[in-house]
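The following note sets out some points for a colleague who is examining this entry. The points concern the ligand, the largest pocket and the domains.

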Amino acid sequence: MSGTAQHERDPVLSKIGSGLKKRTELALEDDFLRKAVAFTTDKLKTGRLKAMDDFGDWETWRERGRAIREHVVSHLDYYLTQFSDNVAKAGGHVHFCRSGEDAVRAFLDIANKAEAKLVAKGKSMVSEEIHLNERLEQIGIEAVETDLGEYILQLAKETPSHLIIPAIHKNKRQIADLFSDHAGEPFPAETRPLADYARRKLRSIFLEADIGLTGCNFGIAESGTITLVSNEGNGRMVSTIPKIHVVVMGMERLVPTFADVEVMLNLLARSATGQKLTTYTSFITGPRREGDLDGPEELHVLVLDNGRSSQLGDPQFQEVLHCIRCAACLNVCPVYRHVGGHTYGSVYSGPIGAVLTPLLQQDYQEAGQLAYASSLCGACYEACPVKIPLHDMLVQLRHRKVKLKMTPAAERLAFKTYATAFGSVTLYRMANKAAYWMQRPLLKGGAIRRAPGPLAGWTQSRFLPMKPKRSFRERWAELQRELADAPPSANATAPADAARKEERP
Ligand code: SF4
């Protein structure tokens, strides 16, 4: 059984926060998963570093990207209005959706009016966020993923485990087995026949679909244009062949102008895959016009809030809306690289997922646990093309959880005691003395190798060195006393004497 399918069936594993530890243990036992994730993320990471070097002056571009995102997010009401007006002028329809449920309802209205039975989907993390596939399945509309990675996961009944390489945890053998089961004929574990099979199956979907659904990498406010990037070309098929094209986008994914989108596309492709530009970049402005050779008759844009607007004006977290979903932070994160995306238990994984999920869901109790899935090393910030300080946000989320008294009572008591002891010189000294005597029964070979109770986790992969009898301060004070009491040495006085002699006339 696949990891995700197993998670869905297990009531503990399926909970974002309380299942985190168990999912982590399972992932750490899965050697194949760890190797596969590390191998691909290494490749992406190396590609990104080379692309940055080749580009030159990366920091200036990064700063420009940050400034564009900062400007848009700070003036989101203005740019959303401009974008929506321009989509309408070009003949499209904008639907503002406060929640995931609103977006699903808006999509179903469109589908029902068109009596749609088949939806061809391009890659869209926002549609994953609102669980659109499951809802469509419930009412008998078939939705087929056409991005190869997403198609594989749909057959495997799994969710994406990476923002841009959704099937990062699968190898060719596993995909061949999956396709063989699905097709009822054996497939070799080779790229070409596997890709050919997917191509054959998906071609008829493109041609027969009533609705094409895509995400949106950037909406350009000055023209109401949807920017789509893809390396497979399926985005173009989905957005041009079916009669209706529905775009699902997060409300923050705007840039003011075409000049700005150029900066963002440069940063996105290089940070995501190390490419100069993704293979296909499409700019879609309105539905098909008279004389156009292809394109949909209707274009609908669902602009999703779903918790995003609650970050606006929050000095600690507004910047999370600057994210362009390049996944560079996942590829460098030591935690993600060890456990992969399913361990996070949410649609968005890695450092950005650990910040975004609790904020979007406004759930600091369960989803807030993700903030602890980090070493706080700051590699995510260094890699982020728009300079989002994810490591600071993870600390702030932990802080918020503590302020809301959502940490265990024993932990709160322990830290309160710790704070009291460290706030008083006398108590601090007494605690130091007590710690020395208390550690003695636990010492083995000059260190604590297995700590008791809740501290046991600390010593699972490291040991605690023995606490010395005298503290540094005590030893320092003693040294000072010894120096003060010692008679002046010959060496110390000789130069002074010599100097005094020289001063004499
Ligand atoms: S937080 Fe930064 S690095 Fe991570 S996905 Fe978003 S833009 Fe990319």
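**Note on the ligand site and the largest pocket**

1. The ligand shell comprises 13 residues, and those that come nearest to the ligand are Cys 323, Cys 326, Ala 327, Cys 329 and Cys 384. By class, this shell contains 12 nonpolar residues, one charged residue and no polar residue. The ligand itself sits in the largest cavity. It should be kept in mind that the model is predicted.

2. The domain assignment divides the chain into domain 1, covering 3–207 + 226–311, and domain 2, covering 424–505. Taken over C-alpha atoms, the centres of domain 1 and domain 2 are separated by 58 Å.

3. The largest pocket has a volume of about 2700 Å³. Its lining is made up of 50 residues, and Phe 415, Pro 454, Leu 455, Gly 457 and Trp 458 are the ones nearest the centre of the pocket.

4. Where does the largest pocket lie with respect to domain 1 and domain 2? Both domains give residues to its lining, so the pocket lies between them.

5. Several secondary-structure elements each supply at least two residues of the lining of the largest pocket: helices H2 (20–29), H15 (334–339), H19 (409–422) and H20 (425–439), together with strand S13 (464–465). Helix H19 gives the most, with eight residues.

6. The lining of the largest pocket consists of 31 nonpolar, 13 polar and six charged residues. The shell around the ligand, by comparison, has no polar residues.

Terms used. Residues are numbered from 1 along each chain as its sequence is written. This is a predicted model: local features need pLDDT of at least 70, side-chain atom pairs count only at pLDDT 80 or more; totals for chains, interfaces and linings use all residues. Side-chain values use heavy atoms; hydrogens and water are left out. Domain bounds come from an automatic or database domain assignment. On a 1 Å grid over the protein atoms alone, a cavity is a set of points where a 1.4 Å probe fits but cannot get out, and a pocket is an open set with protein on both sides within 12 Å along at least five of seven lines; lining residues have an atom within 4 Å of a point. Grid points are joined across faces, edges and corners, and a volume is the space filled by probe spheres set on the points. Helices (H or I, at least four residues) and strands (E, at least two) are DSSP runs, numbered from the N terminus. Ala, Val, Leu, Ile, Met, Phe, Trp, Tyr, Cys and Pro count as nonpolar, Asp, Glu, Lys and Arg as charged, and the others, Gly among them, as polar. A residue is near a molecule or strand if one of its heavy atoms lies within 4 Å of it. A molecule sits in a cavity or pocket if more than half of its atoms lie within 2 Å of its grid points.
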